[in-house]
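Trainee: I have the sequence and the model open, and I'd like to talk through how the pieces fit together. Can we go step by step?

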Amino acid sequence: MPVQPEQLDAAFLKMNLAKDFLMAHQLIPTPVQYWIAYEYSASGHPEITELIDEYLKEHVDLNPHFIGHLYEKCFLPTSDTELAQSVDSLLGSVLKDVSENGKMLDSYASLLDNQVDHIEHAGVQDAIKLISEVAKTTKQTAQNQHELSQRLLHSEQNAKQLQQALKEAQLEAITDQLTGLYNRKGMDKKLPLLEIDHDEFSIIIMDIDFFKNINDDNGHILGDRVLRQFGQVIKNTVRGDDLSIRFGGEEFLIILPSTLTTGAVTVAQNIQAKISKMAWKNKKTGATIGPVTMSFGIVTKQLDESWEDSIQKADQALYHAKNTGRNKIIISPDKEID
Ligand SMILES: Nc1nc2c(ncn2[C@@H]2O[C@H](COP(=O)(O)OP(=O)(O)OP(=O)(O)O)[C@@H](O)[C@H]2O)c(=O)[nH]1
C-alpha cells in the first residue's frame, strides 16, 4: 500500500520531536533512549508519558538510568528471549536509519555550503552547472528521505506489534494458567504498586480441605476443575483493587488494600458461602462431589511489618483452622469466627 503524504509528514514530525526531546535532555540517541523519546514525543504510550511527566515534576532533567528503568518497566518485563531479540533488532534498525539520515543531511548541508561559495564567484555557465548539481542532489536527498520515512513507518508498526506481544507475554508470566489469578511472581510485581496508594492491608490465606482425597478419588482433571472454579469464585468476590493470588497448589491468597479485619472476614465468609453451594459430578462413577470446603487464616498487616511476616501470621492462623477441624475462619493468632 503506498504511503500517504500525511503519514510521511507525521512520521517526520515524530522523528524530529524525538530528536528535539533527546537534545533538550542531553540524551544520546542510543536505541533505548531514542525509542523512549519517540514514544514520549509521539504520545504513543500513555504510561511512558505519565511517568516522564511525573519524574520531571521533581527532577530538573532526565538521566539514562531513569530511561533504562522506563524501558524495562514498559517494554522488557519478559524473559522471552525471542521477543527480547526482536525488540533489540527493531531498535538497532531504527537507530541505523536515524543515524544514516543524520549523516545524509549533514553531507547535503555541507554540499550546499560549498556550492553557495562557488556560485558566488562563478560565471553564468558555471553557476548553471552548479545549480543543476544542487537540484540533482536535492532530488536524491528527497528520495532518500522518502525511503527513510517508509522504513520508519514500518518500524513504528513493528514496534506496536511487539509492544502488544510483550504485554501479552508479561501478563502470561505473572498469571497462573489454571485459575487466571496472579501467581507469586505477579504478587511480587503488583504489591509495590498497591503500596503506592494504600498503607493499610488485610490478608486472607485459604486452602482447600482434603483436596488430596478429591484428586485421589476422582482424578486430577476434576481436581483441576475445582481449582479453576474456586479461582473464579475468588475473582468474582473481591473488589477491583484486591490482589488474588494462587499461592501454591490448593492454596490462595488475597491482599485487600485499605481493608480492616472485619472487611476481610466478610470477604472470607462470602467465599465460604459461595463454595458451599457448589458441587461436581464424577463422570465415571456418577457420584456427586461437594460441597468442598476451605480453611481461612486472616491477618491485618502492621505498618512496620514485612509482607513475609504478615503472611506467615496469616499462615499460622490457617494452620490453626486446619488443626481445629477445618472449614473455618481464624483471625491471627487464633480467634475463631462463628
Ligand atoms: N488437581 C490438582 N491437584 C493439585 C494441584 N496442585 C496441588 N494439587 C494437589 O493438592 C493436594 C494437596 O494435598 P495436601 O497438602 O495433603 O492437603 P489436603 O489433602 O487438602 O489436606 P488439608 O489441606 O490438610 O485439608 C495434593 O494431592 C496435590 O497433588 C493442581 O494444580 N491440580
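Trainee: Which residues in H4 do Glu47, Ile48, Leu51, Ile52 and Tyr55 in H3 meet?

Mentor: Keep in mind that this is a predicted model. On the H3 side, the contact is made by Glu47, Ile48, Leu51, Ile52 and Tyr55. By class, the contact of H3 with H4 has seven nonpolar, no polar and two charged residues. The partners in H4 are Phe66, Leu70, Lys73 and Cys74.

Trainee: Okay, and how do H3 and H4 lie: roughly parallel or roughly antiparallel?

Mentor: Two packed helices are described by the angle between their axes and the distance between the axes. Here H3 (residues 46-58) and H4 have axes 11 Å apart and pack at about 150 degrees. H3 passes H4 in a right-handed crossing. Angles over 145 degrees count as roughly antiparallel, so H3 and H4 are roughly antiparallel.

Trainee: H4 has another neighbour, H2. How is H2 placed relative to H4, roughly perpendicular or roughly parallel?

Mentor: The axes of H2 and H4 (residues 64-74) come within 10 Å and cross at roughly 75 degrees. The range from 65 to 115 degrees counts as roughly perpendicular. That's why H2 is, relative to H4, roughly perpendicular.

Trainee: Which residues in H4 do Val32, Gln33, Trp35 and Ile36 in H2 meet?

Mentor: The H2 side brings Val32, Gln33, Trp35 and Ile36. By class, this contact of H2 with H4 has seven nonpolar, one polar and no charged residues. The H4 side brings Pro64, Ile67, Leu70 and Tyr71.

Trainee: Just before H2, there's a loop. Which residue there has a positive phi although it is not a glycine?

Mentor: Look in the loop between H1 (5-24) and H2 (31-41). The residue has a phi of about 50 degrees, and it is glutamine 26.

Trainee: Let's go further along the chain. How are H9 and H10 set, oblique or roughly antiparallel?

Mentor: The axes of H9 (residues 220-237) and H10 (residues 261-275) come within 10 Å and cross at roughly 140 degrees. H9 passes H10 in a right-handed crossing. Roughly antiparallel needs an angle over 145 degrees, so H9 and H10 are oblique.

Trainee: And which residues in H10 take part in the contact with H9?

Mentor: From H9 come Phe230, Val233, Ile234, Asn236 and Thr237. By class, the contact of H9 with H10 has six nonpolar, three polar and one charged residues. From H10 come Val267, Asn270, Ile271, Lys274 and Ile275.

Trainee: Now the ligand. How far is a nitrogen atom of the ligand from an N or O atom in the side chain of aspartate 224?

Mentor: There are 16 residues around the ligand, and Phe211, Asp224, Arg246, Lys322 and Arg326 come nearest. Arginine 326 has a polar side-chain atom 2.8 Å from an oxygen atom of the ligand, and for aspartate 207 a polar side-chain atom lies 3.0 Å from a ligand oxygen atom. For aspartate 224 and the ligand nitrogen, the distance is 2.6 Å.

Trainee: Last one: which residue does a cis peptide bond join to proline 333?

Mentor: Proline 333 is in the loop between E7 (329-331) and E8 (335-336). There's also a cis peptide bond from glycine 290 to proline 291, with omega near 0 degrees, and proline 291 is in the loop between E5 (288-289) and E6 (294-300). For proline 333, omega is about 5 degrees and the partner is serine 332.

Conventions: Residues are numbered from 1 along each chain as its sequence is written. This is a predicted model: local features need pLDDT of at least 70, side-chain atom pairs count only at pLDDT 80 or more; totals for chains, interfaces and linings use all residues. Side-chain values use heavy atoms; hydrogens and water are left out. Axes are lines fitted to C-alpha atoms, for helices over the stretch in contact, and angles run from 0 to 180 degrees between N-to-C directions. Helices (H or I, at least four residues) and strands (E, at least two) are DSSP runs, numbered from the N terminus. Angles under 35 degrees count as roughly parallel, over 145 as roughly antiparallel, 65 to 115 as roughly perpendicular and the rest as oblique. A crossing is left-handed if the near helix is turned anticlockwise from the far one by less than a right angle, and right-handed if clockwise. Contact means heavy atoms within 4.5 Å. Ala, Val, Leu, Ile, Met, Phe, Trp, Tyr, Cys and Pro count as nonpolar, Asp, Glu, Lys and Arg as charged, and the others, Gly among them, as polar. A residue is near a molecule or strand if one of its heavy atoms lies within 4 Å of it. A polar contact is a pair of N or O atoms within 3.5 Å; within protein, one must be able to donate a hydrogen and the other to accept it, and residues adjacent in sequence count only if both atoms are side-chain atoms.
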